[in-house]
Amino acid sequence: MKRLILLYGLLLGGAVSGKTFGQTPTPSPDTTVFTAADFYRVVSQYHPIVRQAALLNEEARQEIRQAQGAFDPKLFSAYDRKEFGNNLYYDKWQSGLAIPVLPGGIDVKMTYDRNRGEYLNPEYRVPSTGLAAVGLSVPIGQGLLIDARRNALRQAQLAVNLADADRLKLINKTLFDAAKTYWDWYMTYQQFQLIRQGYQLADTRFRAMRERAALGDVAPIDTTEALITVQDRLVQLQQAEVDWQNARLRLTAFLWISDDANTPPKPVDLPLAVVPQTAPLDRTTEAQLQNLLSRAAEQHPELLSLAAKGQQLAVEERFRRSLLQPQITLNASLLSRTPLTGLGYDGPSYYAFRPENHKIGLDLTFPLFLRKERGKLRQVQIKSQQLNLERQQTGRDIANDVQAAWNELKTLEGLISVQQQTVANQQTLVRAEQQKFDIGESSLFLINSRETKLIDLQIKLEELRAKYQKAVATLWYAAGTNAGSM
């Protein structure tokens, strides 16, 4: 916690000189190292897109709530009255409560009817105090195992898995872009440092040559050659500084901060005294590759998304198959006269809830050709086949992408090793050339040429190191995870 507090102070511009975040030492006492791990941590906690990704799950949960609304109990009431020529034709009032039963397709219904009037249809006649009914509506064929309401609910529940896969995909993409931006910043910073060192060497040599020319030890034209080298490296230094500052600006686009999860994040700037860490020397092993391949096959967001869609199609197919069955609904209710005034409810009464007092009905619907139902079922089956083929191809593409990123890593490891040897050899040549120049057996042109070559080789080495770190991030991204897990 203390380390995170210091990190927040750094991002808010309150960095203390000499403080180091991470295990990499600071290159100089007046700079602060901002490690890649801390950078990924800040991005994963506060970046707006990462927070936006977290809302996908909440949105999916609200879809579940909407689907559950189909199983909410419902109060209902209907009143109908007709009076004409001082005659009450009818006065009908029905109210009640309908309760869907989950997970079954049964509906429990409780009603109260109070009807009167001179011209009331005989089937609507009820006792003077009203008629109460408690009954069930049971699907016998279609809708017994699954119906539209349960299908919608199950689809919404599976959509949570789909939203979670989309969330992971969005987070991984954000952190992957952040990783590439960080190592671009590292590369431009290292390039600026190397060119600055070269410029300082050239400037020191120019001043020394100017003093020697004033004393008559060297020809004045040698100072001109030294000045040209200083001017050339100054131009390179200014361009390198611009590249470094632009890379720093691109990095700050990923930096946000907030006090808590409910507070909108605010953008922060990266202080000029903050520098990147040095590139780590860790190498990815064959065991890690196999672990990433296994992890990608099981947890890659693309595969998780396709798996969730496949589960949704399986539920949809089950529902569509149920629609091929006849739609048979059994409605049954027990009836009872409501309590009489002053007497209360008489349970043993002939008009109480008894098996003899009931109402029963049966509804049957069955399309003869089922063309609509069979067409929709076949369409869902085709989509399932397409999804299975897409999943197979996606799995193969993911494995190939992971292997390709691994091959890139292994190649870069070899290139870095060779480049390190080349830099060491060039440094030997520069030192030897300097010794020869000191005893008068070499020229300023040769020293400048070898130094320039050394700077180019060192910059190339840092480019390879930055490419290696970006290739590591690519490997993890191809495996369906993010740089923050490294």
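**An antiparallel sheet and a buried threonine in a predicted model**

Glycine 85 is exposed, its relative accessible area amounting to 56%. The structure described here is a predicted model, and glycine 85 is placed in the loop that runs between strand β2, residues 74-84, and strand β3, residues 87-100. The value of 56% exceeds the limit of 50% over which a residue is called exposed, and it is therefore that glycine 85 receives this label.

The two strands on either side of this loop form a hairpin with two residues between them, and glycine 85, in the turn, has a positive phi of about 60°. Strands β2 and β3 pair in the antiparallel sense over eleven bridges, and within this pairing alanine 78 stands opposite glutamine 94 of β3. In general, the strands of a sheet pair through backbone hydrogen bonds, in either a parallel or an antiparallel sense.

Beyond the hairpin, strand β3 is joined by ten bridges to strand β4, residues 107-116, the two running antiparallel, and here isoleucine 99 is found opposite valine 108 of β4. Strand β4 is in turn joined to strand β5, residues 131-139, through seven bridges, again with an antiparallel course, and methionine 110 stands opposite valine 134 of β5 in this pairing.

These pairings belong to an open sheet of six strands, whose order is β2-β3-β4-β5-β9-β10 and whose pairing is antiparallel. The edges of the sheet are formed by β2 and by β10, residues 358-365, each of which pairs on one side only. When direction is ignored, neighbouring strands of this sheet are turned against each other by 15° on average.

A second site considered here is threonine 223, which lies in helix α5, a helix comprising residues 220-252. Threonine 223 has a relative accessibility of 14% and counts as buried, because this value falls under the limit of 20%. A polar atom of the side chain of threonine 223 lies 2.4 Å from the backbone oxygen of proline 220. When neighbours within four places in sequence are left aside, threonine 223 is in contact with Phe206, Met209, Arg210 and Ala213.

Alanine 213, one of these contacts of threonine 223, also provides a reference point for the position of the hairpin turn. The C-alpha atoms of glycine 85 and alanine 213 are separated by 131 Å, the two residues being 128 residues apart along the chain.

Note on methods
Residues are numbered from 1 along each chain as its sequence is written. This is a predicted model: local features need pLDDT of at least 70, side-chain atom pairs count only at pLDDT 80 or more; totals for chains, interfaces and linings use all residues. Side-chain values use heavy atoms; hydrogens and water are left out. Helices (H or I, at least four residues) and strands (E, at least two) are DSSP runs, numbered from the N terminus. Buried means under 20% relative accessible area, exposed over 50%, partly exposed in between (1.4 Å probe, protein chains only). Two strands pair if DSSP finds at least two bridges between them. Axes are lines fitted to C-alpha atoms, for helices over the stretch in contact, and angles run from 0 to 180 degrees between N-to-C directions. A polar contact is a pair of N or O atoms within 3.5 Å; within protein, one must be able to donate a hydrogen and the other to accept it, and residues adjacent in sequence count only if both atoms are side-chain atoms. Contact means heavy atoms within 4.5 Å.
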